[in-house]
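Thanks for coming. I will go through one structure today, beginning with a pair of helices and then the sheets.

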Amino acid sequence: MASVQDARWEYDRFWPAYIKRVTKVDNVAAILKNFSITTQVIFNGSFCGSKTLGSNLSGDCGHLHFLRSGKLTVLSDSGHKLVFERPTVIMLPCSTEHQIVSAESENADVVCATVQFYGVKQRQLLANLPKLICLDINVGEIQKTVQWLFKEVDGQQLGQQSIVNKLCDIFMIQMLRQLSARGIVLQGMLAGLSHPGLAKTMVMLQESPEQQWNLTSMASSAAMSRSKFAALFRETVGQTATEFLTDLRISLAQELLQQDQAVALVANRVGYEHGSALARVFRKKTGLSPLQWLEMLHKK
């Protein structure tokens, strides 16, 4: 087993290079550069019987199941039955009630974990993913990440939780890249960021949501007519460009509010002239004022 010093050296060497490579080749890096999650391993070892998961988690929590060997059955809340008989990653990005089942004779060796997503924009992206995602552990760049993750989960060394969290960050980015390349995500933010005609505008909106954007300026940034841009954006992303910009501003406002910034200052930073204007849109989107939303968050 590698020492803590070895693990940290390997992490320090690998992580910056990986982020640099992603930034060069992937438009999704505009969101993923601050990707942050916390993972809590809830089971590791030989699993026998059945267990229901996901019913008591908030919407920004998901589950990861790593089937190392054996046979595992997953029953979804919609009644679908999936049987896995080879090493597989099973990802449920959002809080979805499901059941995992394994008979004693099936020798299922699994690692189960809850995943908490903190970035509002990251949760918005993940909300557009399928409810259940399956990836072969032994294929592609994910293989090395998962192997290293298993090594950390099996150990009890100093800094284990921090390394597990960072490895899950890497895994999530790799998973999103695979899904984008395979065309699994047909709508939503990820699809827009992957579209050659919309990617530049999507990134500009995320980098400068405070600008006084309108349909004309957004279409101009994409070198399209208003009508063509509006139709393509809605077809690709699943909502109008104006709706997307509003959601983006509210997401950024939520992040800033969590940093204890004043509502008036937050309003200016996300493109609204006054705090009252932000509060009006915020309430329309969330059903709560900014301060009420913040109070509710602190109670969780």
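H4 crosses H5 in the left-handed sense. Bear in mind throughout that this is a predicted model. H4 covers residues 142–154, and H5 covers residues 160–182. Their axes come within 10 Å and cross at roughly 160°. An angle over 145 degrees counts as roughly antiparallel, so that is how H4 lies relative to H5.

Which residues of H4 and H5 meet? On the H4 side they are Ile-142, Thr-145, Val-146, Trp-148, Leu-149, Glu-152 and Val-153. On the H5 side they are Gln-160, Ile-163, Val-164, Leu-167, Cys-168, Ile-170, Phe-171, Gln-174, Met-175 and Gln-178. By type, the contact of H4 with H5 has 12 nonpolar residues, four polar and one charged.

Now the sheet that these helices pack on. It is an open sheet of five strands, in the order S1-S8-S3-S6-S9, and the pairing is antiparallel. Why do S1 and S9 each have one side without a neighbour in the sheet? S1, residues 37–47, and S9, residues 133–136, stand at the edges, so each has a single partner strand. From one strand to the next, the twist averages 15°.

S1 and S8, the latter residues 108–117, run antiparallel and are joined by 10 bridges. As a point to find on the screen, Gln-40 stands opposite Thr-114 in S8.

Back to the helices for a moment. H4 packs on this sheet and touches S1, S3, S6, S8 and S9. The direction of H4 makes about 95° with that of S3, which is residues 61–69. H5 also packs on the sheet, touching S1, S3, S6, S8 and S9. For H5, the angle of about 95° is with the direction of S1.

There is another open sheet, with four strands in the order S2-S7-S4-S5 and antiparallel pairing. The edge strands here are S2, residues 49–53, and S5, residues 81–84, each of which pairs on one side only. Neighbouring strands in this sheet are turned against each other by 20° on average, direction ignored. S4, residues 72–76, pairs with S5 in the antiparallel sense over four bridges. Leu-72 has Phe-84 in S5 as its bridge partner.

Next, another helix pair. H10, residues 241–257, packs against H12, residues 275–286, at an angle of about 105°, with the axes 10 Å apart. Angles of 65 to 115 degrees count as roughly perpendicular, so H10 is roughly perpendicular to H12. H10 contributes Thr-246, Asp-247, Ile-250, Ala-253, Gln-254 and Leu-257 to the contact. H12 contributes Leu-278, Val-281, Phe-282, Lys-285 and Thr-286. The residues of this contact of H10 with H12 divide into six nonpolar, three polar and two charged.

Last, a single residue. Where is Glu-210? Glu-210 sits in the loop between H7, residues 199–207, and H8, residues 215–221. The relative accessible area of Glu-210 is 33%, so this residue is partly exposed. Leaving out residues up to four places away in sequence, Glu-210 touches Arg-249, Asn-268, Arg-269, Val-270 and Gly-271. Glu-210 and Glu-273 are 63 residues apart in sequence, and their C-alpha atoms are 9.7 Å apart in space.

That is the end of the tour.

Technical notes. Residues numbered from 1 in each chain as written. Predicted model: local features only at pLDDT ≥ 70, side-chain atom pairs only at ≥ 80, totals over all residues. Heavy atoms only, no water. Pairing = 2+ DSSP bridges. Helix = DSSP H or I, 4+ residues; strand = E, 2+ residues; numbered from the N terminus. Axes fitted to C-alpha atoms, helices over the stretch in contact; angles between N-to-C directions. Contact = heavy atoms within 4.5 Å. Parallel < 35°, antiparallel > 145°, perpendicular 65-115°, else oblique. Left-handed = near helix turned anticlockwise from the far one by under 90°. Nonpolar A, V, L, I, M, F, W, Y, C, P; charged D, E, K, R; others polar. Buried < 20%, exposed > 50% of the residue type's maximum accessible area, 1.4 Å probe, protein only.
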